[in-house]
Amino acid sequence: MREKILFDDNWLFHKGDIDIKFPLDKGPVYAQSKTERMMWGPASRCYKAVPDNYGYSLNTDLWEYVTIPHDYVIDQKPSKNENNALGFFKYENAWYRKNFKLSPEDKNKRITLIFDGVATHATVYVNGCLMKHNFCGYTTFEVDITDVVDFGETENLLAVYVETNSHEGWWYEGGGIYRHVWLKKTDLIAVDLWGVYVSPEKINDTLWNVRCETTILNDRYEDADVEYKTVIRDADGNHIGEASGRIMIPLREKKTAIYNIRVEAPILWDTENPYLYAVETVISSSGSECDIYKTRTGFRTFEIDPDKGLFLNERHIKI
């Protein structure tokens, strides 16, 4: 079933680019022409094990341990010789490395990494394999690492190269993995990232329609007949509405199921009483539960009138 593990501890960090000599022998160059592209350098699992006579071994003893979130740009004194809009700081590139193990029980699961934010450009490697480029420091991104990780006692290596040469704003942006990192494990059939969208709409004085959109992915190598069931509960756990259905999802594809749930006389969300409901979506296939995805929603109406102002649940309020 779904797991989401905080991945913030025990990162090795190196500020600045690392000059790696290109090997003179055939072996590493031949090996890196395969999936595992980084056979030497900071993204390589052989980082400390490569013999010195190759001329490209490195020493992680020169790195420091850090905890994420981490901004390495702020750890310096401002200088008038640096750009004023960016805070008078020098922006350098950097490397992060983290070793981790996965249990044998995690085989046949979908394994992903979620980066809440890396400033400003990021390149992600796992076990020497190039997995992802991300070019925005303000967006969260997910990396599917299922096909390149090892299970059991073998350590996996996650490496992130951060580039701060490009900027998206005229303000201090910082540099590094400055938001949380997560390791996510799900079944091969599961709700996609942020895959449940819930939108309550008022029909009349007592009746509301809750429009649900659930995006489900099938990472199996066979088509899947998937069942979904969404239940809405109040703050006390009482059942107030549900809907269910089936959807056929081709192998290695994703599809979105769209359906509605009617709710009678819900408690309205308000600034004085921000009441929320729990929405639980259960995904099943071949009679077995594959995933449970939980989110929250509230019921409220709002209107913005250019002459009269803002109305929340038909009540005039001021911000």
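Two strands are taken to pair if DSSP finds at least two bridges between them. With that criterion, the strands of this predicted model can be followed through two open sheets, one of 4 strands and one of 6 strands.

The sheet of 4 strands runs in the order E1-E10-E5-E8, and its pairing is antiparallel. Its edges are formed by strand E1 (3-6) and strand E8 (141-144), each of which pairs on one side only. On average, and with direction ignored, neighbouring strands of this sheet are turned by 25 degrees against each other. At the E1 edge, the partner is strand E10 (residues 181-186), and E1 and E10 are joined in the antiparallel sense over 4 bridges. Within this pairing, leucine 6 has tryptophan 182 of E10 standing opposite.

The sheet of 6 strands has the order E3-E2-E4-E9-E6-E7, again open and with antiparallel pairing. Why is one side of strand E3 (64-66) and of strand E7 (129-134) left without a neighbour in the sheet? Both strands stand at the edges and each has a single partner strand, so one side of each remains without a neighbour in the sheet. From one strand to the next, the twist of this sheet averages 25 degrees.

Away from the two ends of that order, E4 is followed by E9. Strand E4 (residues 94-100) pairs with strand E9 (residues 156-163) in the antiparallel sense, and the pairing extends over 7 bridges. A reader tracing this pair in the model will find arginine 97 opposite alanine 159 in E9.

Definitions and conventions
Residues are numbered from 1 along each chain as its sequence is written. This is a predicted model: local features need pLDDT of at least 70, side-chain atom pairs count only at pLDDT 80 or more; totals for chains, interfaces and linings use all residues. Side-chain values use heavy atoms; hydrogens and water are left out. Axes are lines fitted to C-alpha atoms, for helices over the stretch in contact, and angles run from 0 to 180 degrees between N-to-C directions.
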